[in-house]
Amino acid sequence: MAKGLAVTMRHMLRKSETQQYPEVKPDLPPRSRGVIALVEENCTVCMLCARECPDWCIYIDSHKETLPAPEGGRPRARNMLDRFAIDFSLCMYCGICIEVCPFDALFWSPEFEYAEYDIRDLLHEKDRLGEWAATVPPPPPHEVSAEPPKEIAAASRPARGTARPAGRTGEAAPATEQTATEQTATEQTATEQTATEQAATEQAATEKAVTEKAPPRREPPRPMRDIRSIRPPGSLPKKKDGPEEDA
Ligand code: SF4
Ligand code: SF4
C-alpha cells in the first residue's frame, strides 16, 4: 500500500505533459503517416498503385491523347489523368501504393485533420490529394560520409566521346578533382576510340588481302540421287525381282 501511495505522490508532483490540442498542434515525427498526397504532374497513369493496393481503394480514370509529332517523328499517344481518388474509409495506411509508384507521384503527408461526420465523405479526389502535397516534409539530408546518390553521379559524368568545355560563362568553376577525373575519362575514351579504329582498319586490310589472294571457292558437284530408292517412312522394303528360293 505504501508503494502504491508513493507512485501516486510521484505522479502528482511531476509536471503535466498534456498537449492542449487543438489550440496547440502536436509535434509529429517527420515520417508520420497522416494522409497520402498526390503530385499530379508526376503521375503517368501506369495503374501500379491501384493494382497493388490490398484494399482496392484507389480509383483512377484516364484517356489517351495523341501528341503532335516532332519533325521527322511519329505522333505519340499519352495517358491523361482524369480522376485519381483514394477512399480513406477503406485505406489501411500500409504505404504499398507509395512504395510501388515508380514516378514519385505519391507521398506521405503528416496532415491528419480530415475527419468527417459521414464516412462517405472520406473519398478524396485528386484536387484535395494535390493540396496535401504542399504539406509533405522535405526528405532528410544525405549522410555526410555516404556515397553520392547515383542520379547525381550519373549527371556529373561526361557523355561518351565528348569533353565538357571548361570555364563556360555563367557556370561555377569545377572542382580540381572533378576536372582531373573528367580529363582522365576523356583521355581513356580517346585511347579506346583510337584502338578500336586501328583494329577495324587492320581487320579490313586483312580481309582485303585474303580476298585478293585466294581463288573463289567452288562447291564440288553433288551426285544425283535416285529418288525411286527412297523408301517412305513406315513402308515395307521392296521385294526383289526374280524367282524365290525354296527353303
Ligand atoms: S496505403 Fe495501402 S490501403 Fe491505403 S491506398 Fe495505399 S496501398 Fe491502398
Ligand atoms: S503508381 Fe504512381 S504513376 Fe502510376 S498511376 Fe499510381 S500514382 Fe500514378
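**Cysteine sites, core and sheets of a predicted model**

Cys101 lies in the loop that connects helix 3 (96-100) to strand 4 (106-109). The structure described here is a predicted model. Its protein chain holds six helices and five strands, and, read from the N terminus, these elements follow one another as α-β-α-β-β-α-β-β-α-α-α. Of the 247 residues in the protein chain, 8% are buried, and among the contacts with a separation of 6 or more, 72% join residues 24 or more positions apart.

**The annotated cysteines**

- The UniProt record, an unreviewed entry, lists Cys43, Cys46, Cys49 and Cys101 under "binding site"; these residues are spread over 59 residues of sequence, yet they cluster in space, with a largest C-alpha distance of 10.5 Å.
- Cys101 counts as buried because 20 other C-beta atoms lie within 10 Å, and, once its neighbours within four places in sequence are set aside, Cys101 is in contact with Leu48, Cys49 and Leu106.
- Cys43 is placed in another stretch of the chain, namely the loop between strand 1 (35-38) and helix 2 (48-52).
- Is Cys43 buried or exposed? Cys43 is buried, since 20 other C-beta atoms are found within 10 Å of its own.
- With neighbours within four places in sequence again left out, the contacts of Cys43 are Leu38, Leu81, Phe84, Phe103 and Ala105.

**The surroundings of the two ligands**

- Ligand 2 is surrounded by Cys43, Thr44, Val45, Cys46, Met47, Leu48, Cys49, Ile60, Cys101, Phe103, Ala105 and Leu106, a list that includes the cysteines Cys43, Cys46, Cys49 and Cys101 named in the UniProt record.
- By residue class, the shell around ligand 2 consists of eleven nonpolar residues and one polar residue, with no charged residues.
- Around ligand 1 there are 13 residues, of which Cys53, Cys91, Cys94, Ile96 and Cys97 come nearest.
- The shell around ligand 1 likewise has eleven nonpolar residues and one polar residue, but it also has one charged residue.

**The nonpolar core**

- The largest nonpolar core has 17 residues, and those with the most contacts inside it are Ile36, Ala37, Leu38, Cys97, Leu106 and Leu129.
- Strand 1, strand 3 (76-87) and strand 4 are the elements that each give two or more residues to this core, and strand 1 supplies the largest share, four residues.
- Which residues does Ile36 touch, not counting those up to four places away in sequence? Ile36 touches Ile86, Cys97, Ile98, Leu106, Trp108 and Leu129.
- Several residues link this core to the sites described above: Cys97 is one of the core residues with the most contacts and also one of those that come nearest to ligand 1, while Leu106 has the most contacts together with Cys97 and others and is found around ligand 2.

**Strand pairing**

- Strand 1 and strand 4 run antiparallel and are joined by four bridges, and one of the bridge partners in strand 4 is Phe107, which stands opposite Ala37.
- Strand 4 is covered on both faces, with Leu106 and Trp108 buried on one side and Phe107 and Ser109 buried on the other.
- In a regular strand, side chains alternate between the two faces of the sheet.
- Three further strands form an open, antiparallel sheet in the order 2-3-5, whose edge strands, strand 2 (58-67) and strand 5 (123-124), each pair on one side only.
- Strand 2 and strand 3 pair in the antiparallel sense over ten bridges; within strand 3, the bridge partner of Ile58 is Ile86, and Ile60 stands opposite Phe84.
- Strand 3 and strand 5 pair, also in the antiparallel sense, over two bridges, and the partner of Ile86 in strand 5 is His124.

**A long-range approach at Ala134**

- Ala134 is found in the loop between helix 4 (126-131) and helix 5 (150-156), and it counts as exposed because it has 9 C-beta neighbours inside 10 Å, where the cut-off for an exposed residue is 12 or fewer.
- Ala134 and Ala37 are 97 residues apart in sequence but 8.4 Å apart in space, C-alpha to C-alpha, and Ala37 is one of the residues with the most contacts inside the largest nonpolar core.

Methods. Residues numbered from 1 in each chain as written. Chains lettered and ligands numbered in written order. Predicted model: local features only at pLDDT ≥ 70, side-chain atom pairs only at ≥ 80, totals over all residues. UniProt positions renumbered as here; feature names shortened; annotations may be inferred. Contact = placed C-beta atoms within 7 Å. Near = placed C-beta within 6 Å. Nonpolar A, V, L, I, M, F, W, Y, C, P; charged D, E, K, R; others polar. Core = buried A, V, L, I, M, F, W, Y, C linked by C-beta atoms within 7 Å. Pairing = 2+ DSSP bridges.
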